[in-house]
Amino acid sequence: MSRSRTTDKNPTTDKNPIPSVWAREQRRADQPALSREAIVREAIAMLDADGIEALSMRKLGARLNAGATSLYRHVATKDELMELAVDEVAAEIHVPSAGGPDWRAAVTEAAGSFRTTALRHPWLTLVLGQAGLAYLGPNYMSFSERLAALFTAAGFPEPSRAIDAVFSYVIGMSTTEAAWLTTVARAGETESEFVARLLPTARQVSAGYDHLAAAEATTAAQAVDPARLRDDKFAYGLEVVLDGLALRLPK
């Protein structure tokens, strides 16, 4: 994570300050053992373990053996903390170099990396649209820049729209999967065990709906490996999106 220049300037005295951690300078710390980096790492650990609802500045301070007042010297609000957390995990997303021979393979790799990161941090997709101006963070900006370079090199006349099409799908699917896996984790079972216990109820409630019952029967037949089923669903949808985008490329 990049470090901004330190200052004693109080952002609350600015006229109409932009509500983002990336729009103000970092204050000088009076507690050297407590850094912004340490605060963000612990916040991510709490988010991964217990979700957004469990995170508060008070609980985070207790985990770090510091008062909430000390935290506010580094992070002004919980919204700023979420911006920093989003940017930190954005560094985990891999985007292949632009200009390779197969743009579809490269986009598939980037989409898969985003999905893997989102499932590792189930809160990520839930806060992307809520975490202030998270897209201004250095890691997220780097991710976006590499995507733009990839789609531009592939020849898309409007690369930003192509990116939106792909990642609207990826974020939507990842959000659904993350919610599902969170439900499974709270049940204290493996995914296969949870699905096996759920199937009788699913069959019963879909019995009066011909098309849904047929789909449920197919899902039940594949439920011995639910993780692979999720992988296959994600890959199928992504291929459909890429097929459509390929038609937009200049001949």
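**Note on the nonpolar core and two helix pairs**

1. In this predicted model, the largest nonpolar core has 52 residues, and those with the most contacts inside it are Leu 81, Trp 123, Phe 151, Val 166, Val 170 and Leu 245. A nonpolar core here is a set of buried (under 20% relative accessible area, 1.4 Å probe, protein chains only) Ala, Val, Leu, Ile, Met, Phe, Trp, Tyr and Cys residues joined through side-chain atoms within 4.5 Å. Helices that each supply at least two residues of this core include H1 (36-50), H5 (103-120), H8 (159-187) and H11 (226-246); helices are DSSP runs (H or I) of at least four residues, numbered from the N terminus.

2. Phe 151 is in contact (heavy atoms within 4.5 Å) with Val 107, Phe 156, Pro 159, Ala 162, Ile 163, Val 166 and Leu 245, leaving aside neighbours within four places in sequence.

3. The axes of H8 and H9 (residues 191-206) come within 9 Å and cross at roughly 90°; axes are lines fitted to C-alpha atoms over the stretch in contact, with angles from 0 to 180 degrees between N-to-C directions. The two helices are therefore roughly perpendicular (65 to 115 degrees). Among the residues making the contact are Trp 180 and Val 184 of H8 and Phe 194 and Leu 198 of H9.

4. H5 and H11 pack with axes 11 Å apart at about 140°, which makes H5 oblique to H11. Residues of H5 that meet H11 include Val 107 and Arg 115, and those on the H11 side include Asp 231 and Leu 245.

5. Residues are numbered from 1 along each chain as its sequence is written. Local features need pLDDT of at least 70 and side-chain atom pairs count only at pLDDT 80 or more, while totals for chains, interfaces and linings use all residues; side-chain values use heavy atoms, without hydrogens and water.

Definitions and conventions
Buried < 20%, exposed > 50% of the residue type's maximum accessible area, 1.4 Å probe, protein only. Parallel < 35°, antiparallel > 145°, perpendicular 65-115°, else oblique.
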